[in-house]
Amino acid sequence: MAEVSIDLSGEPLHKRGYRLESVQAPLKESLAAAILKRCGWPETASNLLDPMCGSATFLIEAAQMCLNLAPGIKRKYYGFLNWKGHQPELWNALLQDAKKQSHSLDEISVRFIGYD
């Protein structure tokens, strides 16, 4: 028995593309986002304090949720971009639609505070 698969993501999907330098974060971005969602964020959003923020993963993910930023929207590359079945026009339209749905910082009233 053999299994053939194709990796269409490239980098792991928890790498959102907003970190300029690689830092040792004890919490993957996707896990932080899942924990926040489980707590009802951003629907229950109020000021968020992280007293041990480290690399600020919780704060960044929470802010991006409030801004309605699509996860990974800042990534430059996905593995499927070189796939023969890739439709660049459709992908670009989806990206533009996601960008239109995002908010700016002055549209939200939540404050994000972190200490380390």
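**Cysteines, His 86 and helix H1**

Okay, so this structure holds zero disulfides, a disulfide being a pair of cysteine sulfur atoms within 2.5 Å. Before I go on, this is a predicted model, where local features need pLDDT of at least 70, side-chain atom pairs count only at pLDDT 80 or more, and totals for chains, interfaces and linings use all residues. Residues are numbered from 1 along each chain as its sequence is written, and side-chain values use heavy atoms, with hydrogens and water left out.

Why is Cys 39 not bonded to Cys 66? Cys 66 has the closest cysteine sulfur, but that is 13 Å from the sulfur of Cys 39, too far for a bond. Cys 53 is in no disulfide either, and its nearest cysteine sulfur, again in Cys 66, is 17 Å away.

Now, burial: I call a residue buried under 20% relative accessible area, exposed over 50%, and partly exposed in between (1.4 Å probe, protein chains only). Cys 39 is exposed, at 57%, while Cys 53 is buried, at 16%.

Next up, His 86. You'll find His 86 in the loop between helix H2 (57–66) and helix H3 (88–100); helices here are DSSP runs (H or I, at least four residues), strands are E runs of at least two, and both are numbered from the N terminus. His 86 is buried, at 16%. Leaving out residues up to four places away in sequence, His 86 touches Phe 80, Leu 81 and Trp 91, with contact meaning heavy atoms within 4.5 Å.

Last, helix H1, residues 29–38: its buried residues are Glu 29, Ala 32, Ala 33 and Leu 36. Looking down the axis of H1, they fall within an arc of 100 degrees, so they line one face of the helix; that arc is taken from the directions from the helix axis to the C-beta atoms. The buried residues of H1 pack against H2. And just after H1, Gly 40 has a positive phi of about 95 degrees.
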